[in-house]
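Please open the model in a viewer and keep the sequence panel at hand. The stops below proceed selection by selection.

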Amino acid sequence: MGFLRGNSLLRYRMKWSYAPCALFSPAQHSSCTAFFRMEPTLRSLTLLLLLAISNAAIQAPSNCPWDDPELEKWSDHTTWPTGQIPQEDTEVFIPKGKKVVLDTQIPRLLHVTINGTLVWGNVDGIRMETSFLLVNGEFHIGSEECNFEKTADIFLYGKSNSVEVVPVFGRKFIGAASGSTLEIHGKQKKSWTKLVATLSPVRPGRCGLIYDSSEQVVKRRNGIWMNIWNDDGTLFRVESFDLTGSRANTNIPIIVDEIRRIPFGKIASIAVQKTIGTPTDIYEDLYKAIEHLGGYNIRNVRENEPYVLIAEKGKPSCAVEEAVEKHIRRPAGLDQALETSAIFTQGHLAYFARSYSEINKNRDEVSFKVLHRNAAFPKLSFLHDVTSWQPGDEIVVASTDFDWQQAEVRTIVDCNDCEPNQIRVHGDFKYSHFGEVTYGVDERAEVGLLSRNIRIEAELQDICYSYTDKEARLCELFKRDTYGGHTKVISGAWGRIEGAQLTNMGQQSTLATYPLHFHLADAVPGQYVRNNVIRDSNSRCITIHGTDYLEVSDNVCLNHIGHGIFLEDSAEQNNTIHRNLIIGSRYGTLLFTDMDDTNPMCPDRSFCTLLSSYWITHPNNYFTENVAAGSDGSGFVFAFSDRPLGPSLPRMIKRGLYQDKSTRFIKVAKFSKNVMHSNKIAGLWFDSRLSYGQIDMNKYVPENGKMGLNNYSPRDPPNENGTLIETILSELTLYKNEDRNAWTRCGNIVIANSSFADSPTSYVAAHTMIETYCNVRDSIFIGETDNKGEPFTYAFHREQAFSHMPKSQRPRHHFDRSIARGRPDFMMSGVQFYQGPSYVNNCYFDHYKNWYYNDSFINQWGIRPVRPAAAINFHPNNHYPMVPRNGISNVKFGFCDGSQDSFQVMDGNASTPWWNVFDGTLNTIFRDYDGSLTQTKDASIVKDRPFFTGAKCLKKPDWNLAICPYKYTLLVVRGSSGVLKSKYKGKTPVFISRDDHPEDIYVQKGIVGHKYNLRLFKSYTVWFNSTLGSAPRDFQFRPRYGLENNETLRFAVCLPKSTNNFTIYNIYPELHPKKMLFPVWVDSLQELDKDQTMKAFYWDKSNGYLYFKMTSPYSFTRPGQVCAGDVCMDMRIVRNDGTDEPAVCDTPVTPWHFKDRYPRVKNRRCRYPDSPEGLGAPIETGYAAPPADIAACGN
């Protein structure tokens, strides 16, 4: 049993209270009763059938490697050249041509080198301890046709300064050299499955709980706690005794007397909180008294070591006690928590005690419970048959909340009333684990099997040590030894590994030392890593480095440092990563992207913080049905380098496979049916580039450092001249990711038939290469589901009204569900528009409700707190004015807009928490292409200000927006002289107003350029900020993403009145002085307005305005198209004379009047709710949820 905390998975043993007193028969009955005695069920009959089949299989001829008649026995002294069986600390060499079967227990060896063949014998319980195992020949544990069914252990020992070191492989390893064969085939077991019924913790007020010490008011003391219960589970007495310092002399006689006076038949539990004190002569009486109850290990308990005992007075042989398995030196400041826990059963009740000690956080506690027996050994129901899971095996139940560390480990116990898809486990659960499909989203917790019969474990020292500066930094960072073992298969080797359990593997101080690692192996078709468990890894889970065509499937990774499944060099292709489960990816130190940006080893924050469970550096790979169930970073990260990294570059050149920047143009081979939840940053992150050691944004970024835009634009053929194609990510499920479910950068990335839920922001897409776009289609977005997670208490502290108050006096609210990042005031959204172009097609939205969660605050504090929400909103920290072609079509809603405080669209403003006033947030826009949102085809949703709106718009105050029937384009103003020089960046160098609303002057800071969404068929005046400097001599106007079909804009640009001569360049109609294509200069604004050629220009010298019009005769035909007809209407204007003075124009400009033929937007009657049928990720079917288990309540 265990749970996840800090840097490691805390594990502790529990004894089963029904042994050795577990006698149960009609003739004989002990008060320490056995566990469930039930009639045979389908599960037990299935097990018998499987056993019969297995026995029959044993009788049949097999290809088991241990049956090879040429094998010589390890146990036979004639096998060895010296005539002596290898002794302790000897070097073992198996020469080429020799075949040996390991058929006996062996002592610790110095190392093992196999040049011939070594076969693990079909013998149970053999353990090999060695500093390394080097395979130059063949090493077999079972085979693909004959799996090894017994138990086998390989233990790798040694420290980082060991002299047992081999070139290429290093220290403490299992290594397959070129030309070798490594075959490891453990017992076939179901790797992982899902719950089909929610697991709820047994808490006060819920059935199954008889007593809980958390409800008992007792003074907390460091020493011994004693709970005594009646045989019906009610409390008889509770005491705590301080054993610190001299108080032990006073309290020990009292404890001894209290134990002596416990009536026979009562259930007594003793637990140590923090310390049992410093033993003196008086402790002998205490030890004897506790031993009389059955606590025979009490004498071994040391300072800061947890201990628990539960016993029936008078029956010491039935007692259960738990102490740490070995004493661990824990210097002050070392963050290594310890925990022990035990359950004692009697009749229908189970008594529970826990002791916990965490020195670094000064956290020590004990707790006691009495549960109904069925609640103490809960039954879990799964989607699949799990008859291959056996009592004594460990499982992990993944978190279904934001915090992945709510994953819990339990041990399977006997269960005679279980169906083939059910088990019982030892101990109730601390957290809720959701087990349902909710509003069409599958949020059923994954449950992974952690036990395999082939166990490979590495030695870790009890206390962290260092021989180098780097190791010293690692000790400071992780507070423990991180130098484990590793397994490596290199080029020319043959490796297949399945059914193995690897623990404490990986070396955080050293590259290329990972639990399971195919290293520069080139093409390896037919080789695989299947159905393994990697647990508590010091460095990654499974590494694919310079390797193609490898299968990685059905593996479970729990609790590792650094990226999990790791494609290393942006060169790995055609690998199949299928149905793996990863829980617990923590920040590491080997690469910049492994590191948290607060890590002192990170030289520049922009290089770091891209941690992921699945690290995908090349798009040409197959990822299907995998689960990323918890990371301190993201679940899946796509981040490519323009060149292969490290040693892969010369290898790719040698193999004729290198093409510069090819990763930009290759579509993702397959990314389907993957699940992402409980990740801190994002479930999916498709962004960023990896440096091969290059300059980016005028800064050198070292190799493997993170850089900016990914520049991804898949093409066919995959080069810069190929035709743009889509990369499709399909049938994904994303929920409870703490920052956002998915972040993509628009490189023709389409997310299709996917389900999003329970995240502050479900989907956001940023801009990358021109002509590309993002699209999410045929998907479901649910704001909040029935998966509530853990309750959360929010203390108001950011609000201005409470800033003067002490924190302890500020108001609090107790939520009945978890809140991402602890920020209930952050606006929750399904789709968040940002930059673009981005499209939403045929998607369903529901449960986006503005939650006014505590109206009592109105009278008490004068506020009405709300968690705002909307199905569609906008990036709250956006510097980039949005593309007006962003849009939606065929959207569906499960609610009417405004009904019960639920809104389909909402934008923030300066009063919205976490929303900032930037150029982009002031320029939000998207189109309703088919009217499915607004019931007005081609309507635009814009900011409600005169600059954007018109008489036929519909104001939507609840949205902070307006719905307008008009179309818009994005005007980009560029130049490098005057106030357009880079030194004026961010200082509002350009002003613009619409001539029919001159009072509404639109001002941008211009941090990322000067971009303005303009309503078509309108006239605008542009000024260059005269308070900053002079007007530019050379500037350009570039309409983007909107001007088509002869739609027109008119401009008046304020320039110095001393100007007399201009040179004009234009695309349409073409104007170019070297081609003798000149503008037509007219003498009045009226003449210019009447002009149909679009060649007319008017210089109003007296007022300082240069007038012209811009249009495009072409049409948009592709979603990512920047300019209609691929012809961009760029106009360049050069002032050939005049002074470099600031331009000042005071005369109002006469508006250009164009007949408005657009329809008026009207309020429409709600036609919702719609149906999500046929949308979202498919739901896997299997065993159904069982009927409610009333037995768990003791009924």
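Select S613, which is found in strand β44, residues 612–616. The model is a predicted one. Is S613 buried or exposed? S613 counts as buried because its relative accessibility is 0%, under the 20% cut-off for that class. Now display the side chain of S585: a polar contact of 2.7 Å links it to the side chain of S613. To see the remaining surroundings, add the residues that S613 touches beyond four places in sequence, namely G564, I565, I582, S585, A628, G630, S631, S634, G635 and N679.

Next, move to helix α3, which covers residues 283–293. Colour Y283, L286, Y287, A289, I290, E291 and L293, which are buried. Residues three or four places apart on an α-helix point the same way, because a turn takes 3.6 residues. Which elements cover the buried residues of α3? Among them are strands β16 (223–229), β18 (267–273) and β19 (307–312), together with helix α2 (247–260). Step just past the end of α3 to G294, where phi is positive, at about 125 degrees.

From there, select Y351 in strand β22, which spans residues 349–358. Y351 counts as buried because its relative accessibility is 0%. A polar atom of the Y351 side chain lies 3.4 Å from the backbone oxygen of N230. Then pick the C-alpha atoms of Y351 and V370: they are separated by 4.6 Å, although the two residues are 19 apart along the chain. Leaving out residues up to four places away in sequence, Y351 touches W229, N230, D231, G233, I267, I310, A342, I343, F344, Q346, K369 and V370.

The next selection is an open sheet of 7 strands. In what order do its strands lie? The order is β80-β79-β82-β84-β88-β87-β86, and the pairing is mixed. The edge strands, β80 (997–1003) and β86 (1080–1081), each pair on one side only. Strands of a sheet pair through backbone hydrogen bonds, in either a parallel or an antiparallel sense. Isolate strands β82 (residues 1019–1024) and β84 (residues 1047–1054), which pair in the parallel sense over 4 bridges. Within this pair, V1022 stands opposite V1053 in β84.

Continue to Y1068, in the loop between β85 (1062–1066) and β86. Y1068 is partly exposed, because its relative accessible area is 30%. Show its surface along with that of I1067 and Y1114: the three residues form a nonpolar patch, with about 240 Å² of accessible area together.

The tour ends at R1135, in strand β89, residues 1131–1135. R1135 is buried because its relative accessible area is 2%. What does the side chain of R1135 reach at 3.2 Å? That distance leads to the backbone oxygen of P1032. Display T1059 as well: its side chain and that of R1135 are joined by a polar contact of 3.1 Å. Apart from neighbours within four places in sequence, R1135 is in contact with A1031, P1032, R1033, L1055, P1056, T1059, N1061, F1062 and D1140.

Note on methods. Residues numbered from 1 in each chain as written. Predicted model: local features only at pLDDT ≥ 70, side-chain atom pairs only at ≥ 80, totals over all residues. Heavy atoms only, no water. Pairing = 2+ DSSP bridges. Helix = DSSP H or I, 4+ residues; strand = E, 2+ residues; numbered from the N terminus. Patch = residues over 30% accessible without salt bridge, like charges linked within 9 Å, V, L, I, M, F, W, Y side chains within 5 Å. Areas by Shrake-Rupley, 256 points an atom, 1.4 Å probe, with all protein chains shown as cover. Salt bridge = Lys/Arg side-chain N within 4 Å of Asp/Glu carboxyl O. Buried < 20%, exposed > 50% of the residue type's maximum accessible area, 1.4 Å probe, protein only. Polar contact = N/O pair within 3.5 Å; in protein donor to acceptor, adjacent residues only side chain to side chain. Contact = heavy atoms within 4.5 Å.
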